[in-house]
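Trainee: I have a structure to go through today and I'm not sure where to begin. Could you walk me through a few of its local features?

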Amino acid sequence: MPGSRSVLAPRWAARVAVSAGVGAIVVLLLFAGLDSLLLVLVGAVGLAVTAAGVWWVLVHTGPIRVLGGALALAAPAAVVVLYVRAGLLWVVLVSLALWVLAVFCGRAALAEADAAPAQSPKRPAAPRRPYLIMNPRSGGGKVGRFRLREKAEALGAEVLVLDVTHQQDVAALAHRAADAGADLLGVAGGDGTQALVAAVAAERDLPFMVISAGTRNHFALDLGLDRDDPSTCLDALTDGVELRIDLGFINDRVFVNNASFGAYAAVVQSPAYRDDKVRTAFQMLPDLLTHQNGPALAVHAEGVTVEQPQGVLVSNNPYRTDDPARIGHRDRLDSGVLGVLSVKVDNAAQAADMLRGPRAAGLVRLTAQEVVVDADADTIPVGVDGEALTLPTPVRCRIRPRALRVRVPRDRPGVPRGRPPMDWHRVRHLARTTMRRAAGHDG
């Protein structure tokens with residue numbers, strides 16, 4: 001029966017998760033005995049020393065930076081050597097593999113158990129006068145390589161390919177197209193250009209279309225679009241559905257992904273960053289991370305204030321931070337809240353504490369509808385959807401829920417599917433249900 005299979009699937013995944021988790025512990029105890037505690041302790045110390053070494057590399061120059069680099073490399077190597085000499089490396093690797101399997105299956109079980117029936121998004125009539133703006137330089141020339149202009153025009157779209165020899169105001173171009181009767185606005189370009197045209201589409205209540213022709217295509221990723229073949233995005237013109245998503249605002253400017261403040265934003269402002277990213281970062285980070293250079297920030301959101309963080313990320317809907325496989329992804333673009341991630345690390349001990357993830361004292365993660373970033377300076381550098389800007393303080397970020405109509409292909413290869421945080425109590429409950437059902441069936 002199809003229905004029973006969908007019900008049993010998460011329970012069997014939960015049973016595998018519990019079995020693998022127990023197996024990870026049994027392998028350690030059975031083959032390492034009391035030494036298993038020592039194995040865990042040695043591994044934890046090695047990770048802490050590595051984190052401290054990385055911190056010294058970032059905040060120092062000269063001999064201390066060299067020493068930090070040596071520690072960051074030597075600590076994990078020493079841990080592996082100790083495991084090998086004890087003849088227990090294979091035990092650690094097998095136990096880790098079982099634990100990874102347990103967490104993977106546990107999250108899959110919870111996701112399946114929580115899955116709601118799929119709702120069909122609105123499927124409007126095909127646009128009659130779509131207008132697409134294409135940047136021929138984006139993504140190393142994807143517009144030409146995938147013949148996006150020719151394919152779009154064959155589907156009835158009016159296409160403007162930007163003249164890269166001089167600066168053009170894409171927002172003004174989008175306004176002009178809307179005034180001329182365009183009933184859809186779209187962009188083949190980077191996320192910064194996407195945001196500018198999306199602002200016009202939201203203002204005019206027109207559907208907006210994303211063509212994944214940029215370099216990173218973070219916005220396209222979270223919409224589930226194909227980033228390998230941007231021409232598939234054009235299917236939205238003939239076989240599309242419409243989504244309503246949120247828009248972030250920083251002061252009066254729209255952002256579709258995020259706005260970053262602090263050390264990273266200051267580094268990307270440097271004229272030397274474009275030519276030599278790594279060298280520029282290593283030269284600037286020591287002063288920025290130790291507060292010897294750059295403005296001192298203060299972040300206010302939902303009654304929480306963070307003083308002097310080195311980095312702040314405000315995102316249009318929260319990013320995943322609890323799943324290494326999906327860090328940098330947003331499960332939703334319509335939750336109606338901004339994601340806020342603030343990092344404050346002032347010494348090597350706090351750097352090591354960051355290994356605790358969301359529980360680290362220097363990591364603040366929350367959601368809010370408005371975030372205010374102030375500083376002891378009149379202006380601060382900000383990275384907005386990959387664009388380097390300088391804005392007057394205080395900077396206010398807010399969200400407009402469901403402000404943008406996005407037209408996407410009905411069939412998308414990467415429709416995001418969130419996985420809930422690991423909850424061993426619920427996983428064990430699902431596993432016990434499976435075993436009781438199996439026993440009853442056998443009887």
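Mentor: Let us begin with Arg 147, which sits in the loop between helix H5 (142-145) and helix H6 (148-154); please keep in mind throughout that this is a predicted model.

Trainee: Okay, what is the phi of Arg 147?

Mentor: Phi of Arg 147 is positive, at about 50°, although the residue is not a glycine.

Trainee: And how exposed is Arg 147?

Mentor: Arg 147 has a relative accessibility of 47%, and because exposed means over 50% and buried means under 20%, Arg 147 counts as partly exposed.

Trainee: What about Arg 402, where is that one found?

Mentor: Arg 402 is found in strand E16, and its phi is near 55°, which is again a positive value in a residue other than glycine. With a relative accessible area of 49%, Arg 402 is partly exposed.

Trainee: Switching to peptide bonds, which residues does the cis peptide bond at Pro 394 join?

Mentor: That cis bond joins Thr 393 and Pro 394, with an omega of about -5°. As for its surroundings, Pro 394 lies in the loop between strand E15 (387-392) and strand E16 (395-409).

Trainee: Now helices: how do H2 and H3 pack?

Mentor: Two packed helices are described by the angle between their axes and the distance between the axes. For helix H2 (residues 35-59) and helix H3 (residues 62-85), the angle is about 165° and the axes are 7 Å apart.

Trainee: Why do H2 and H3 count as roughly antiparallel?

Mentor: The angle between them is about 165°, and angles over 145 degrees count as roughly antiparallel, so H2 and H3 are roughly antiparallel to each other. In addition, H2 passes H3 in a left-handed crossing.

Trainee: Which residues of H2 and H3 meet there?

Mentor: On the H2 side they include Leu 39, Gly 43, Gly 46, Val 49 and Trp 56, while on the H3 side they include Ile 64, Arg 65, Gly 68, Ala 72 and Tyr 83. Sorted by class, the contact of H2 with H3 has 15 nonpolar, 6 polar and 1 charged residues.

Trainee: Last topic, cysteines: how many disulfides are there?

Mentor: A search of the whole structure finds 0 disulfides.

Trainee: And are Cys 105 and Cys 233 buried or exposed?

Mentor: Cys 105 counts as buried at 12% relative accessibility, and Cys 233 is buried as well, with a relative accessible area of 1%.

Methods:
Residues numbered from 1 in each chain as written. Predicted model: local features only at pLDDT ≥ 70, side-chain atom pairs only at ≥ 80, totals over all residues. Heavy atoms only, no water. Axes fitted to C-alpha atoms, helices over the stretch in contact; angles between N-to-C directions. Helix = DSSP H or I, 4+ residues; strand = E, 2+ residues; numbered from the N terminus. Parallel < 35°, antiparallel > 145°, perpendicular 65-115°, else oblique. Left-handed = near helix turned anticlockwise from the far one by under 90°. Contact = heavy atoms within 4.5 Å. Nonpolar A, V, L, I, M, F, W, Y, C, P; charged D, E, K, R; others polar. Disulfide = S-S within 2.5 Å. Buried < 20%, exposed > 50% of the residue type's maximum accessible area, 1.4 Å probe, protein only.
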